[in-house]
Amino acid sequence: MLADLTWLSKHVFYALWEIKDDSHRRQYLRALSKSQWWKAETFRNWQWERLREAVGYAFAHVPYYTTRYGAAGFDGTLRSWEAFQRLPLLLKQDIRENADDLLSREYRREDLVEARTGGSTGTALTLYFDKRCQELRNAAAMRSDQWAGWDVGMKVAAVWGNPPVADTLKKKLRNALLDRTIYLDTMDINHRSVLRFVEKWRRTKPKMIFGHSHSIYILAKYLKELEVQDLRPVGIISTSMMLLGPERQFIEGAFGCPVTNRYGCEEVGLIACECEQHKGLHLNLDHVVAEFLREDGSVAKPGEDANIVVTDLINRGMPLIRYCVGDMGVPSDRTCACGRGHALMERVTGRQADFLKRPDGSMVAGVSLVERTLTAIPGIEQMQLVQNELHRVAVKLVKGKQFDEKSEDALRREFRSVFGDAVAIEIQYVPLLDQTGAGKYRFSICNV
């Protein structure tokens with residue numbers, strides 16, 4: 001019966017819903033499924049033409065770019081990559097202060113899709129997308145999800161904060177026939193809610209897990225404690241947070257399948273995703289130009305930790321050109337064995353706000369420090385670093401059974417080797433880590 005409903009959902013219900021919504025997601029997905037096998041040179045040439053179109057459109061139709069680029073001497077025609085890299089960067093503050101001027105003259109605000117970022121870095125934004133852009137983004141996410149083993153119509157278990165509520169007949173029908181998703185609300189994870197989730201899983205038998213990286217890890221810890229061993233999806237899609245190496249290994253052990261790491265943001269959608277090889281993330285070249293820049297604005301070399309800057313090639317309603325996402329990542333010059341033409345990035349290393357500061361002005365990648373510490377010192381279940389003062393770092397720590405005085409001594413030595421004696425390390429033992437309003441977790445927070 002479940003197999004029949006999966007087939008009907010994919011081949012009948014989804015097609016009918018597309019017609020009802022006048023949507024073209026299936027058409028876009030078919031095109032993206034073909035383009036992923038283009039050669040790298042084909043992708044580079046195709047992306048350059050799309051970039052010229054996007055920048056030219058923004059200059060002609062978006063007041064912000066007409067004014068700012070005009071003041072910089074740009075005439076509306078992009079003639080080289082070097083000229084593109086000389087265009088001014090777009091910051092979050094620029095979006096907040098110029099939201100109206102960033103909208104295209106060709107669209108009415110009420111005809112655009114509105115979205116808001118969660119503001120977990122302290123900078124919430126209101127964004128707008130045209131309908132075609134939204135459908136293309138959905139199709140790109142669907143393609144990358146297929147790399148993890150997902151397919152249209154497949155039952156999904158979502159580990160997500162503030163999940164949608166099917167409070168109308170239309171929403172109930174959509175979830176039953178099309179979305180087919182059960183939820184574990186990350187704002188309420190405890191023994192009781194996990195047991196209810198397990199009961200729903202056994203009744204509905206989902207094939208995929210989708211959710212916040214650390215929240216999936218917490219679910220895996222509960223399942224181990226409860227000795228639940230029969231939840232066996234075909235794949236797991238981890239997104240919206242940093243995926244730490246030790247947590248990845250634990251999740252894969254708990255569920256018996258690989259984790260696929262996906263990276264994106266509300267502003268431009270999917271940026272990169274792992275394929276079946278799980279050796280780096282393929283950049284979404286169909287829709288995004290990704291730059292990796294040093295602090296001085298120069299282009300980072302492969303292997304360097306750098307600021308991620310993206311240009312949206314498909315959103316005409318509110319184009320974002322050379323937008324500083326606020327994340328750090330490592331570019332790559334490797335070629336993936338999967339054969340896809342998308343260039344790789346090695347990994348995402350954290351938000352700029354995740355980097356802690358030493359008194360001498362140098363920076364410490366807080367997420368990397370957490371990951372290294374979890375690997376090196378036994379008995380640490382979870383850890384979060386918070387720096388509110390330059391000379392003090394609070395370590396919020398959830399202890400495991402193996403944690404003892406030797407573990408704490410080793411932890412203090414580790415942090416002293418990183419920060420020196422000028423920074424006080426304050427260890428705070430907590431039962432749980434704090435969450436954001438969206439049910440996410442941040443491993444490193446710098447407020448200095």
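Is Lys-205 exposed, partly exposed or buried? The close-ups below take up that question along with several others, all in a predicted model.

**View 1. Welcome to the whole chain, before we zoom in.**
The chain holds 13 helices and 19 strands. Of its 448 residues, 52% are buried. Contacts reach far along the sequence: among those between residues at least 6 apart, 67% join residues at least 24 apart. About 21,000 Å² of the chain is exposed, and carbon and sulfur atoms supply 50% of that area.

**View 2. Lys-205, a loop residue with a positive phi.**
Here is the reply to the opening question: Lys-205 is partly exposed, since its relative accessible area is 48% and the partly exposed class runs between 20% and 50%. Look for Lys-205 in the loop that runs between helix H9 (191–204) and strand E5 (208–212). Although Lys-205 is not a glycine, its phi is positive, at about 55 degrees.

**View 3. Glu-227, another loop residue with a positive phi.**
Glu-227 is not a glycine either, yet it has a positive phi of about 60 degrees. The loop that carries Glu-227 lies between helix H10 (213–225) and strand E6 (235–239). Glu-227 counts as exposed because its relative accessibility is 66%, and exposed means over 50%.

**View 4. The aromatic pair of Trp-48 and Trp-81.**
How many aromatic pairs are there in all? The count comes to 13. One of them joins Trp-48 and Trp-81, with 5.3 Å from centre to centre and 40 degrees between the planes, a tilted arrangement. The two partners sit 33 residues apart and so link distant parts of the chain: Trp-48 belongs to helix H3 (residues 40–61) and Trp-81 to helix H5 (residues 81–85). Trp-48 is buried, at 15% relative accessible area, whereas Trp-81 is partly exposed, at 32%.

**View 5. An aromatic cluster.**
Which residues should you pick out here? Phe-59, Tyr-64, Tyr-65, Tyr-69 and Phe-74 form one aromatic cluster.

**View 6. The cavity and its lining.**
A search of the whole structure turns up one cavity of 30 Å³ or more. The volume of the largest cavity is about 30 Å³. Its lining consists of Ala-140, Arg-143, Ser-144, Trp-147, Leu-270, His-282, Leu-283, Asn-284 and His-342. Which element gives the most to this lining? Helix H7 does, with four residues. Helix H7 (131–147) and strand E9 (281–283) each supply at least two of the lining residues. By residue class, the lining divides into four nonpolar, four polar and one charged.

**View 7. Gln-384 and its surroundings.**
Gln-384 has its place in strand E16 (residues 380–389). Is this residue, Gln-384, buried or exposed? Gln-384 is buried because its relative accessibility is 3%, and buried means under 20%. Leaving aside residues up to four places away in sequence, Gln-384 touches Ala-394, Val-395, Lys-396, Leu-433, Asp-434, Arg-442, Phe-443 and Ile-445.

Technical notes: Residues numbered from 1 in each chain as written. Predicted model: local features only at pLDDT ≥ 70, side-chain atom pairs only at ≥ 80, totals over all residues. Heavy atoms only, no water. Buried < 20%, exposed > 50% of the residue type's maximum accessible area, 1.4 Å probe, protein only. Contact = heavy atoms within 4.5 Å. Areas by Shrake-Rupley, 256 points an atom, 1.4 Å probe, with all protein chains shown as cover. 1 Å grid on protein atoms, 1.4 Å probe; cavity = no way out; pocket = protein on both sides within 12 Å on 5 of 7 lines; lining within 4 Å. Points joined across faces, edges and corners; volume = space filled by probe spheres on them. Nonpolar A, V, L, I, M, F, W, Y, C, P; charged D, E, K, R; others polar. Phe/Tyr/Trp six-rings, centres within 6.5 Å; stacked < 30°, edge-to-face > 60°.
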